[in-house]
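Colleague: Could you take me through one part of this model up close, the biggest nonpolar core, and then show me how the rest fits around that part? Plain talk is fine.

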Amino acid sequence: MASEHDQIQIPDELPLLPVRDVVVYPYMILPLFVGRTSSINAVNEALNKDRLLFLAAQKDIDEESPTQGTIYRTGCVGMIMRMNKLPEDGKIKILVQGLVKAEIESFSQEYPHFQVKIKKIHENAWEERSLESEALIRNVKALLERVISMGKVLSPDILVVLDEIAEPGRLADLVASNLGLKVHDSQAILEVLDPVDRLRKVNDALTKEIEVLEMQAKIQSQAKDEMNKTQRDYFLREQMRAIRSELGDPDSKFEEVEEFRTKVKNADMTEDAEREALKQLKRLENMHGDSAEASIIRTYLDWMVDLPWKKASDDNLDLTEAKKILDEDHFDLEKIKDRILDHLGVCKLKKSLKGPILCFVGPPGVGKTSLGKSIARTMGRKFIRMSMGGIKDESEIRGHRRTYVGAMPGRIIQGLRLSGTNNPVFVLDEIDKLGVDYRGDPASALLEVLDSEQNNSFRDHYMNLPVDLSNVMFICTANSTDTIPGPLRDRMEIIRLSGYSMEDKLEIAKRYLIPKQIKENGLAPDDLQIGEAGLKIIIQGYTREAGLRSFERELATVCRKVARAKADDEKTFKARRVTPKQIHDYLGPVKVVPDPMREEDQVGVATGLAWTETGGETLTMEASFVTGKGGLQLTGQLGDVMKESAQAALSYVRTKAEDLGLPKNFFAEHDIHLHVPAGAIPKDGPSAGITIATALISLFTGIPIKCKVAMTGEVTLLGRVLPVGGIKEKVMAAIRQEIFDIVMPRACEKDLVELPKHIRSKLNVHLVDHVEEVFDLCLTRPLGMGSTSKKRGTKGRPGTGSGERAPRAFQ
């Protein structure tokens, strides 16, 4: 049956109105707001003629100026039923009705508006109602009713109109135009020509819409249930508050629980930590506030909310600025500075990097702890220091279990809480002085802390939760590695700091120590000056150390004396320049008196070099013999290893009795006595072997030993000189005694590279392989054992062929 739309004459060319966000169907009536200039021109063109225009949807609804390629070719011819101009913004509002589908054949004009040639689309004729079409029509109507019942907002008259429509094509157009589909989905339905196929697509769209509405209803229901529970809990709490208020009970517990709940949510905890915190909070809420367990839970929750679970400070990754800060805080120490700058460089390239675990080993006063502070300042991190000296309880590291009265977390967790970040610089001071007793081994507890592969889930006994320590930069300090257990030492990167030379101490005093003490004693920078000569007297006459602590104390004494003089009469006070002669007035008599015996060559007295926890030391080895029964007496509080070295040295010398011209029964009729002065100080180690051998050779031959030659090295029964450790510290000790000729094993040549250039330039280091080379270097005149060298070479004794090698000096 022909409709009134079919009776309207549709011209072949019409103005085009691109529509942004809707697809117009036949029989569809809708208002449109027109604002673009070209679109307004198209509307005016239609109004001036037959009120007809072509409506087609844009492919991109955000495009402001559509082109031929961005407009769908299939659309609908529409008639303008009403037009109103809007005075506010110059737009116009039109009411249009879709008449018939059409397709663009070509664009005949683009300016001032689109003009297109169209061709009407004739749909496939719908003949008689089949079983499938009847089922589709009923199903679509039922689905639409369900959509409306589920809350979809549609026109209230649409159900009435649906009852009067029996054609599947028109029904499909009506439902599709009211569903609010996306433009591309609605356009796809418009382009289907077969009425039954189009209705089938509408049926699919309705089914999908129902699924979306069901999911939406489910989400709303869940949200409503949660909201109802929250509201219910809120009302119940308010009722409890009101009841307590009526009873006159304080409401502090409720407020405390709410405060903890807020803190837990704001603490940015890990998932496990938050779950445990809420569990403990629920327990606290259900128990009496005055019970002992409630107090334990409160303390636990305080620790939980105060820990920096994910809070980290930003690292300063400017390498130039970092180097500047390190140079400002410490003189020299280039190896350590390079290590820190290397770490920062890697951090700059790789954002997630585990913190290194360093161990600074050196004598007291060389700046191990202050270096940790400087590293923290360089990286822009918080600094935490923990003294490990004397700790014997494992719980100091891992914490106490909460079952014990007065339980607390370990000192690692305490340090994290104190720093407020999870990536501080954490200094474990004096780690070589850890103790052990029946309460556990702290060194074993530190194995997990200082293992970069395990400390990302460190579990403190008190917290009972994994805590990530992988971002912490651990720095350990020690005077010696001998007392650090092997497994713990293996986890650390050892960096050694030797003592300072005279030049280093002078430079450090000028740059750091004197300005620091002047400031700490309330003086102005110009109130005190100490010349280089005065500083040398303080270093040589009042201190004898590898580090700087005693030196700084003496400088502080001078500053206090000057500060007192200024305080007595500030008006007449004049700036003081301390001369070398005045040093004794400020500091009293010289404390370190040079040994006069070291100023002359003597028989049986040799100077050896030793390493101790306080740095390098020079040792005087004295030898003498008396009539006796062939005994060997050792005094000076010597350790077992040093006693064995003495036995080995004596045995070697006895093998040379014939070459030395000694009677055959000499050793059977004489007792030999070896003594190392400063008997109150324990001494041990194999490095005194060549010193003892040289003292014995000098004693038996009567040839004096050069007093300005120091030596170190282990000796074997065959006279070979074996390498020893602590070379850098020993060399620094010799320089402090103004001894610059040093004899050491050839295998220790590699250790000399660590010495600064200005130190090496002063030294005359002799590298030896055999003890006879030592005798030639240290005795004041040749020993006259040249023939024995040849005998050693020809008799084929193992390891002695190198004895014919000439002594070598290292400059």
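Modeller: The largest nonpolar core has 53 residues, and the ones touching the most other members are Ile412, Leu428, Ile431, Leu450 and Phe474. By nonpolar core I mean a set of buried Ala, Val, Leu, Ile, Met, Phe, Trp, Tyr and Cys residues joined through side-chain atoms within 4.5 Å. Buried is under 20% relative accessible area, exposed is over 50%, and partly exposed is in between (1.4 Å probe, protein chains only). The top contributor to this core is helix H10, residues 292-306, with 7 residues. Apart from this core lies another one, of 49 residues, including Phe331, Phe360, Leu535 and Phe573.

Before going on, a word on the ground rules: this is a predicted model, where local features need pLDDT of at least 70 and side-chain atom pairs count only at pLDDT 80 or more, while totals for chains, interfaces and linings use all residues. Residues are numbered from 1 along each chain as its sequence is written, and side-chain values use heavy atoms, with hydrogens and water left out.

Now zoom in on Leu450. Leaving out residues up to four places away in sequence, Leu450 touches Ile357, Leu428, Ile431, Phe474, Cys476, Leu488, Arg491 and Met492; a contact means heavy atoms within 4.5 Å. Next comes Asp451, in the loop between helix H16 (442-449) and strand S10 (458-459). Helices (H or I, at least four residues) and strands (E, at least two) are DSSP runs, numbered from the N terminus. Asp451 has a relative accessible area of 13%, so it counts as buried. With the same sequence neighbours left out, Asp451 touches Ile357 and Arg491.

Stepping back to the whole protein, there are 29 helices and 25 strands. The radius of gyration is 48 Å, well over the 28 Å from the globule rule for 811 residues, so the protein is more spread out than a compact globule. That radius is taken over C-alpha atoms, and the rule is 2.2 Å times the number of residues to the power 0.38. Along the principal axes, the C-alpha atoms fill a box of roughly 150 × 80 × 70 Å. Of the 811 residues, 47% count as buried. Take the contacts between residues at least 6 apart in sequence, and 73% of them join residues at least 24 apart.

A few loops have backbone quirks. Most residues other than glycine have a negative phi, and most peptide bonds are trans. Tyr111 and Pro112 are joined by a cis peptide bond, with omega about 5°, and Pro112 is in the loop between strands S5 (92-109) and S6 (115-120). Asp268 isn't a glycine, yet its phi is positive, near 55°. You'll find Asp268 in the loop between helices H8 (252-266) and H9 (271-286), partly exposed with a relative accessible area of 45%. Glu738 is not a glycine either, and has a positive phi of about 60°. Its loop runs between helix H26 (727-736) and S23, and at 44% relative accessibility Glu738 is partly exposed.

One last loop: Glu754 lies between strand S23 (741-745) and helix H27 (757-760). Glu754 has 49% relative accessibility, so it counts as partly exposed. C-alpha to C-alpha, Glu754 and Gly685 are 22 Å apart in space, with their positions 69 residues apart in sequence.
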